[in-house]
Amino acid sequence: MQSDRFQSRSPRKGPLAGLKVVDLTHVMAGPTCTLMLADMGADVIKIEKSPNGDDTRHSVPPKIGEEAASFLMMNRNKRGIVLDLKTDGGKQVLRRLIANADVLVENFAPGAMERLGFGYEELHKQHPTLIYCSLSGFGRTGPYKHRRGFDLVAQAMSGIMSFTGERPDGPPVKCGPPLSDITAGLLASMGILAAYTHRLKTGEGQWVETSLYEAALVQTYWQSTIALAAGTAPRAMGSAHPLNAPYQAFEASDGWLVVGGANKKHWLLMLEALGASELAADPRFVTGADRMAHLKELEAVLSERFRTRSRAHWLAALDEKGVPCGPVHDMLEALSDPQTLAREMVVEVEHSTLGAVKTIGLPVKFSETPGKVLSGAPVYGEHTSEVLAEHGFDQKQIEALEKEGAIVLASGRREERVA
């Protein structure tokens, strides 16, 4: 761990308490990485650009008060400062923050950090224990290393859109959530923690990097298995599984549910719940391979049976038999589900100007060092003065940096609004 000067005023809680992170990321993938670290207790200083800050501050509605809801979701538990890294003052501040940090995370366009004077090679010479993490569209090597990427592009080029959708001959379909963005963030946080473990043993820092493209590819384990082993490209199958059946959604008389009767045990228990035990001896459905070979016929037979009763009836019957199943929820139903609330996956956090704001909770639980959502996302430049003071800048220096345009203070922004 580095100097105590970087410690937040609010004691952090969680297994990463004391870890100091300089966060130069924006939008989704990078902020997901630093969100995970912050939720587990790291002191994350989010550095936003001047002017305008993180692009998610300007996302389309909904807003809560004057703040974009998407920015609030991705940046809780972080402190926020604003620097213009094209100014000498902005670079001076960043160098001082890095000197006291354990981890730097960035997701700038290829070459941007080097042009600013903060590329890995240069920083590694100055700070050999620093863990430097980069997220990009396609990674820092290979023929596409200079290309920019979005989740949409990663989903398309990884093959995901070719096997997502209702039917094999349908148009390409993107998964609803930004899979590659979120997965890249999770992979980056995992890589940082592995690098940190290595540093604890050796004292060595290193460069950790991943990309949206690789994050999308690791979502294709099953489909890649088929492609690599059989030489065929899987196509869209609706909600069905490419290797097991039945494992998909079915429509009851009043709504949709999903059921996983994929292995022999659950298949037979599912038939008991449906009152359809005669299907166990049907030569089309005896083995998993038989059921996959006759998937359309299987879907037709089971769909007819499911439509005869309500969703609640089938869920109760399947659950009693121990068959994995669940209702197909919309987002509001999911967020209000008793299990969601019991696991503290929707929590309220105090925001400095908005009051209590609801957000998604920490998805990893620790028995001895629980993480916690302690603070709302920062308003623009909220902690600039606080963080600079912690790093040895006195009031006159802070005022000079503001006059230079190297930093933005929250109070200055409020004054601009009034004017």
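## Thr-164

Does Thr-164 count as buried or exposed? The model is predicted. In it, Thr-164 has 19% relative accessibility. The cut-off for buried is under 20%, so Thr-164 counts as buried.

Thr-164 sits in a loop, between α6 (151-157) and α7. A polar atom of its side chain lies 2.7 Å from the backbone oxygen of Ile-160. Leaving aside residues up to four places away in sequence, Thr-164 touches Pro-171, Val-173, Cys-175 and Ala-236.

## Nonpolar cores

The largest nonpolar core holds 29 residues. Val-21, Val-105 and Ile-192 have the most contacts inside it. Five elements are listed as giving two or more residues to this core: α1 (29-39), β6 (103-106), β7 (131-136), α7 (179-202) and α8 (212-217). The top contributor is α7, with five residues. Another core lies apart from this one. That core has 28 residues, among them Leu-83, Leu-130, Tyr-132 and Phe-393.

Val-105 deserves a closer look. Residues up to four places away in sequence are again not counted. Val-105 touches Val-21, Val-22, Asp-23, Leu-24 and Thr-25. Its contacts also include Cys-33, Thr-34, Cys-133, Leu-135 and Ile-192.

## Largest pocket

The largest pocket has a volume of about 1,000 Å³. Its lining comprises 37 residues. Nearest its centre lie His-26, Asn-107, Phe-108, Ala-109 and Arg-148.

At least two lining residues come from each of α1, β2 (43-49), α4 (112-116) and β7. The most come from β2, which gives four residues. By class, the lining of the largest pocket splits into 15 nonpolar, nine polar and 13 charged residues.

## Second largest pocket

The second largest pocket encloses about 820 Å³ of space. It is lined by 29 residues. Closest to its centre are Met-28, Met-73, Met-74, Ile-182 and Ile-360.

Several elements each supply at least two residues of this lining. The helices are α1, α2 (69-75), α7, α14 (331-336) and α15 (338-342). The strands are β12 (346-351) and β13 (355-360). The lining of the second largest pocket has 18 nonpolar, six polar and five charged residues.

## Shared elements

Some elements recur across these features. Helix α1 gives two or more residues to the largest core. Helix α1 also supplies at least two lining residues to the largest pocket and at least two to the second largest pocket. Strand β7 contributes to the largest core and to the lining of the largest pocket. Helix α7 contributes to the largest core and to the lining of the second largest pocket.

Methods
Residues numbered from 1 in each chain as written. Predicted model: local features only at pLDDT ≥ 70, side-chain atom pairs only at ≥ 80, totals over all residues. Heavy atoms only, no water. Core = buried A, V, L, I, M, F, W, Y, C linked by side-chain atoms within 4.5 Å. Buried < 20%, exposed > 50% of the residue type's maximum accessible area, 1.4 Å probe, protein only. Contact = heavy atoms within 4.5 Å. 1 Å grid on protein atoms, 1.4 Å probe; cavity = no way out; pocket = protein on both sides within 12 Å on 5 of 7 lines; lining within 4 Å. Points joined across faces, edges and corners; volume = space filled by probe spheres on them. Nonpolar A, V, L, I, M, F, W, Y, C, P; charged D, E, K, R; others polar. Polar contact = N/O pair within 3.5 Å; in protein donor to acceptor, adjacent residues only side chain to side chain.
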